[in-house]
Amino acid sequence: MASHRRPKQPSRTRVTVLTTAAAAAVALSAQAANAAPSEKLSKDEVKAKVDTLYEQAEQATEKYNGAKEKQEKLQKEISTIQDNVARGQEDLNKLRDGLGTMASAQYRSGGIDPSVQLFLSSDPDDYLDKASTLDQLSSQQVEGLKKIQDKQRELAQQRTEATDKLKDLAATRTELGKKKKEVQGKLGEAQRLLNSLTAKEKAALAAEQARATRSSAERVNLGTSTPASGRAAAAFAAAQSKLGTPYVYGATGPSSFDCSGLTSWAYAQAGVGLPRTSQAQANAGQRLYSQSQLQVGDLVIFYGDQHHVGLYAGNGQVLHAPRTGTVVRYESINNMPFQFGVRV
């Protein structure tokens with residue numbers, strides 16, 4: 001006969017654990033249901049953050065430009081040194097060959113101790129006549145050896161210099177890569193913020209940007225300011241021809257520019273070589289600390305770290321390549337923190 005047993009009841013501990021877990025799950029579900037969605041940034045907040053990121057990107061861009069300029073300079077210097085070393089090695093080989101020829105000639109004439117040669121000579125007078133020639137040959141050898149030593153020292157110094165510059169070049173390339181990554185990171189972050197906007201918000205921002213951009217077809221009252229010089233006028237005219245050209249970091253024209261790329265390109269058209277970066281261009285001439293001193297074509301330096309530069313256009317306007325997402329345009333000089341002007 002089958003036995004009838006009561007089912008085993010769950011222990012009090014197990015019931016407590018299950019009850020607690022269930023309660024926690026219910027609480028979490030309630031919290032998830034009642035949690036507010038993450039607050040979306042407004043169009044103006046996005047614009048403010050994007051503008052900050054673009055400014056930071058431009059700061060990094062000028063450092064990138066400086067590292068790139070240094071890299072190019074080092075590459076040229078290293079190439080020159082290596083060419084000099086190659087030519088110097090050829091000269092050294094010729095000196096050695098010449099010394100070897102002299103040594104061979106001396107050996108053929110009897111490269112033994114002169115006193116022994118005199119003792120064995122059948123004609124001491126003839127030997128003494130030849131001895132003066134041997135002394136002269138020895139003097140040439142000494143001079144040849146001295147030239148070889150000097151050339152060896154010169155080559156050793158040049159090779160050491162080349163090695164040091166190659167190390168500097170490697171460090172510069174590393175710095176260049178870091179700055180490029182930093183610029184791209186800032187621009188990428190700005191783009192992600194812009195992508196978070198609705199189509200309507202993007203259109204509104206684009207309209208604001210269009211109003212800020214004054215193309216070459218628009219009339220801009222530049223007043224009647226006199227250019228700082230004939231070359232400044234030529235540089236300014238060159239920059240004017242690029243109104244509407246897009247800003248691209250690291251670009252020096254002619255189809256795109258960053259801020260210092262535009263100013264250096266414009267002055268190059270006037271036959272004036274400017275340094276690559278805005279910080280270096282800040283030292284390219286006489287500084288003018290009052291806006292009233294500015295003349296058309298003068299460089300205008302902005303921000304405390306001097307990371308932005310443009311060309312004075314007259315009547316309180318500056319012609320410049322502002323930042324990513326913009327084009328070469330006129331803008332009020334008061335839209336950015338003015339530091340000083342530079343008369344090249």
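In the predicted model, Trp265 is in contact with Ala238, Ala239, Ser241, Lys242, Thr252, Pro254 and Phe257, neighbours within four places in sequence being left aside. The C-alpha atoms of Trp265 and Thr252 lie 6.3 Å apart, and the two residues are separated by 13 places in sequence. Trp265 belongs to helix 7 and has a relative accessible area of 16%. Because the cut-off for a buried residue is under 20%, Trp265 counts as buried.

The burial of Trp265 is shared by other residues of helix 7, among them Cys259, Ser260, Gly261 and Leu262. Thr263, Ser264, Ala266 and Tyr267 are also on the list of buried residues of this helix. In total, 9 of the 11 residues of helix 7 are buried, and the helix is therefore largely enclosed by the rest of the structure. Just after helix 7, Gly271 adopts a positive phi of about 80°.

Ser260 of helix 7 is one of the buried residues named for that helix, and Ser260 is also a contact of Ser278. Ser278 is found in helix 8, which spans residues 278-281. With a relative accessible area of 0%, Ser278 is buried. Apart from Ser260, and with neighbours within four places in sequence left aside, the contacts of Ser278 are Glu62, Ile301, Gln306, His307, His308 and Val309.

Nonpolar side chains tend to be buried together in soluble globular proteins. In this model, the largest nonpolar core comprises 47 residues, and Phe236, Tyr267 and Leu319 have the most contacts inside it. Two or more residues of this core come from each of helix 2, helix 4, helix 6 (230-240), helix 7, strand 2 (299-302), strand 3 (308-314) and strand 6 (338-343). The greatest contribution is that of helix 2, with 8 residues. Phe236 touches Leu222, Val296, Gly297, Leu311, Tyr312, Ala313, Leu319 and Tyr330, not counting residues up to four places away in sequence. A second core, separate from this one, has 10 residues, including Leu288, Val300, Phe302 and Val318.

Strand 6 is paired with strand 1 and with strand 2. Strand 1 (residues 286-288) pairs with strand 6 in the antiparallel sense over 3 bridges, and Leu288 stands opposite Gly341 of strand 6. The pairing of strand 2 with strand 6 is likewise antiparallel and runs over 4 bridges. Here Leu299 has Val342 of strand 6 as its bridge partner.

Rolling a probe the size of a water molecule over the atoms shows where empty space is left. The largest pocket holds about 360 Å³ of space. Its lining consists of 17 residues, and Asp51, Pro322, Arg323, Arg329 and Glu331 lie nearest the centre of the pocket. At least two lining residues are supplied by each of helix 2 (43-110), helix 5 (199-212) and strand 5 (329-332). Helix 2 gives the most to the lining of this pocket, with 5 residues. By residue class, the lining of the largest pocket contains 8 charged, 5 nonpolar and 4 polar residues.

The second largest pocket holds about 270 Å³ of space. It is lined by 14 residues, and those closest to its centre are Tyr54, Leu194, Leu205, Gln209 and Arg323. Helix 2, helix 4 (124-195) and helix 5 each give two or more residues to the lining of this second pocket. The lining of the second largest pocket divides into 6 nonpolar, 4 polar and 4 charged residues.

The structure also holds 1 cavity of 30 Å³ or more. The space in the largest cavity is about 40 Å³. Tyr54, Ala57, Glu58, Thr61, Val183, Leu187, Tyr247, Tyr249, Arg323 and Thr324 form the lining of this cavity. Helix 2 and helix 4 each supply at least two of the lining residues, and the largest share, 4 residues, comes from helix 2. The cavity lining comprises 6 nonpolar, 2 polar and 2 charged residues. Arg323 appears in the lining of the largest cavity, among the residues nearest the centre of the largest pocket, and among those closest to the centre of the second largest pocket. Tyr54 is likewise part of the cavity lining and one of the residues closest to the centre of the second largest pocket.

Terms used. Residues numbered from 1 in each chain as written. Predicted model: local features only at pLDDT ≥ 70, side-chain atom pairs only at ≥ 80, totals over all residues. Heavy atoms only, no water. 1 Å grid on protein atoms, 1.4 Å probe; cavity = no way out; pocket = protein on both sides within 12 Å on 5 of 7 lines; lining within 4 Å. Points joined across faces, edges and corners; volume = space filled by probe spheres on them. Nonpolar A, V, L, I, M, F, W, Y, C, P; charged D, E, K, R; others polar. Core = buried A, V, L, I, M, F, W, Y, C linked by side-chain atoms within 4.5 Å. Buried < 20%, exposed > 50% of the residue type's maximum accessible area, 1.4 Å probe, protein only. Contact = heavy atoms within 4.5 Å. Pairing = 2+ DSSP bridges.
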